[in-house]
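Got your viewer open? Load the model, set it to cartoon, and follow along stop by stop.

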Amino acid sequence: MKRGKSKAEAPKKADSKLSVKKGPERTAKKPRKAKAVKDPNKPKRPASAFFVFMEEFRKSFKEKNPNNKSVSVVGKAGGDKWKSLSEAEKAPYVAKAAKFKSEYTKKMAAYNKGQSGDGSHAAAEEDESDKSKSEVNDDDEDEEGSEEEEDDDDE
């Protein structure tokens, strides 16, 4: 006896439509967004209190366990040690982290000031020379009197 299409085959066709497409078919439908380019002059974020502690802990752990090659073991041991520390023992690391954060905020303020200025990313913008400061002041004077502008250009 011949059998026709069974009902069991019908859902398989529907499932095939729902399947995830791989390879070039997928990328053709949804192009990925390009990653934003990182500015190499942007200051790095400051280390937290835990990472300040881990810097010191890694050195001491390496001295005690010179044969250890596993990074995860060091991380787990450092995390356990950090959790066991009291607030008083964590205080020096928290203070260092606060100091790093205050330095970072100053650097970011200078960086953002340079970004909003003329758009150039030069690190030398923070330390302007006297000449560039006088040029900025000359621009203010230019608005007031145009006759002085002509005299300055002749020099």
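How many helices and how many strands does the secondary structure of the protein come to? Colour by secondary structure and count: there are 7 helices and 0 strands. Walk along the sequence and the pattern reads α-α-α-α-α-α-α. Keep in mind that this is a predicted model.

**Whole chain**

Select everything and switch on the surface. The protein exposes about 14100 Å², and carbon and sulfur atoms supply 53% of that. Of the 155 residues, 12% are buried. Now turn to contacts between residues at least 6 apart in sequence: 63% of these join residues at least 24 apart.

**Colour by confidence**

Next, recolour by pLDDT. The mean for the protein is 75, with 56% of residues reaching 70 or more. Which element has the lowest mean pLDDT, and which the highest? Select helix H6, residues 130-144, for the low end, with a mean of 47; then pick H4 for the high end, at 95.

Stay around H6 for a moment and select residues 119-135. The pLDDT is below 50 over this stretch, which has 10 contacts in the model beyond near neighbours in sequence. Then select 138-150: here too the pLDDT is below 50, and the stretch has 2 contacts beyond near neighbours in sequence. Don't zoom in too hard on places like these, because predicted coordinates should not be read in detail where pLDDT is low.

**Into a pocket**

Now for the second largest pocket, with a volume of about 250 Å³. To see what lines it, select Met54, Arg58, Phe61, Lys62, Asn65, Pro66, Asn68, Lys69, Ser70, Val71, Val74 and Gly75, and show them as sticks. Which helices each supply at least two residues of this lining? They are H3 (49-64) and H4 (71-84). H3 gives the largest share, 4 residues. Colour the sticks by class and you get 5 nonpolar, 4 polar and 3 charged residues.

**Last stop: lysine 83**

Stay on H4 and select lysine 83, which sits in that helix. Is lysine 83 buried or exposed? Its relative accessibility is 69%, so lysine 83 counts as exposed, the cut-off for exposed being over 50%. Finish with a distance: add phenylalanine 50 to the selection and draw a line between the two C-alpha atoms. The residues are 33 apart along the chain, and the line should read 9.9 Å.

Methods:
Residues numbered from 1 in each chain as written. Predicted model: local features only at pLDDT ≥ 70, side-chain atom pairs only at ≥ 80, totals over all residues. Heavy atoms only, no water. 1 Å grid on protein atoms, 1.4 Å probe; cavity = no way out; pocket = protein on both sides within 12 Å on 5 of 7 lines; lining within 4 Å. Points joined across faces, edges and corners; volume = space filled by probe spheres on them. Nonpolar A, V, L, I, M, F, W, Y, C, P; charged D, E, K, R; others polar. Buried < 20%, exposed > 50% of the residue type's maximum accessible area, 1.4 Å probe, protein only. Contact = heavy atoms within 4.5 Å. Areas by Shrake-Rupley, 256 points an atom, 1.4 Å probe, with all protein chains shown as cover. pLDDT = per-residue confidence, 0-100.
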